[in-house]
Amino acid sequence: MRAAKLCCAEARPGDARFESRSAEAALQAALADPAILMVNRNAGSGTRVLIDNLLRGAKPPGYANQPRSHNAVAAAIAQRRADWGVAIAPVASLYGLGFLPIAPEHYDFLLVEARRRRPAVQAFIEVLRDGATRDRIRALGMEPAAQDSI
């Protein structure tokens, strides 16, 4: 099964340094202004890989601040401890932050085929196929995989 989420640059609503800009333009503005403080993600996370690719070697103020979750990034921005960061759109929305789409991200659940018949695996697959579960996944800002790929 594959689920997609949208990574986004997030900032407080009404922040003229970011609002009404493309993600690329907002990033360039942030890199050009040493007063704009970022909040990063922990090394090894998928979001951190995305951030490092976007920054192309730049290390703006706040780069060393590396919380371990999307919620921690959003909280730092909402509490004015940082001006911008990268997290998923549903978390930005939860904290009342604005966001600029950057890239879709995909998650796969893999299993050893020989284990497919185990009761726990069968239960997990059935939950992933369930309409209510799929609706909940969409409500979280993700798109569930096609039914035939589960």
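## Largest pocket

The residues lining the largest pocket comprise 15 nonpolar, 3 polar and 5 charged ones. The model is a predicted one, and in it this pocket holds about 260 Å³ of space. There are 23 lining residues, and A9, E10, F18, A26 and L100 are the closest to the centre of the pocket.

Several elements contribute to the lining. Strand 1 (2–11), strand 3 (84–88) and strand 4 (98–108) each provide at least two of its residues, as do helix 1 (23–32) and helix 2 (46–55).

## Nonpolar cores

The largest nonpolar core is made of 16 residues. Within this core, F18, M38, L55 and W84 have the most contacts. Two or more core residues come from each of strand 1, helix 1, helix 2, strand 3 and strand 4. Apart from this core lies another, of 13 residues, which includes V73, A74, A82 and V91.

What does L55 touch, leaving aside residues up to four places away in sequence? Its partners are L27, L31, M38, P60, Y63 and W84. Two residues named above for the largest core, M38 and W84, are thus among the contacts of L55.

## Helix 2

T47, R48, L50, I51 and L55 are the buried residues of helix 2. Viewed down the helix axis, these residues fall within an arc of 160°, so they line one face of helix 2. Helix 2 also supplies at least two residues to the pocket lining and two or more to the largest nonpolar core.

After helix 2 comes R56, which has a positive phi, near 50°.

## Helix 5

Helix 5 spans residues 119–129, and V121, I125 and L128 are buried in it. Down the axis of helix 5, the buried residues lie within an arc of 60°, so they line one face of the helix. Helix 6 (131–139) is included in what covers these buried residues.

Which residues are exposed on the other side of helix 5? They are P119 and A120.

## P104 in strand 4

P104 belongs to strand 4. Is P104 buried or exposed? Its relative accessibility is 60%, so P104 counts as exposed, the cut-off for that class being over 50%.

P104 and M142 are 38 residues apart along the chain, and their C-alpha atoms are separated by 9.6 Å. Strand 4, where P104 is found, also gives at least two residues to the lining of the largest pocket and two or more to the largest nonpolar core.

Note on methods:
Residues numbered from 1 in each chain as written. Predicted model: local features only at pLDDT ≥ 70, side-chain atom pairs only at ≥ 80, totals over all residues. Heavy atoms only, no water. 1 Å grid on protein atoms, 1.4 Å probe; cavity = no way out; pocket = protein on both sides within 12 Å on 5 of 7 lines; lining within 4 Å. Points joined across faces, edges and corners; volume = space filled by probe spheres on them. Helix = DSSP H or I, 4+ residues; strand = E, 2+ residues; numbered from the N terminus. Nonpolar A, V, L, I, M, F, W, Y, C, P; charged D, E, K, R; others polar. Buried < 20%, exposed > 50% of the residue type's maximum accessible area, 1.4 Å probe, protein only. Arc of directions from axis to C-beta. Contact = heavy atoms within 4.5 Å. Core = buried A, V, L, I, M, F, W, Y, C linked by side-chain atoms within 4.5 Å.
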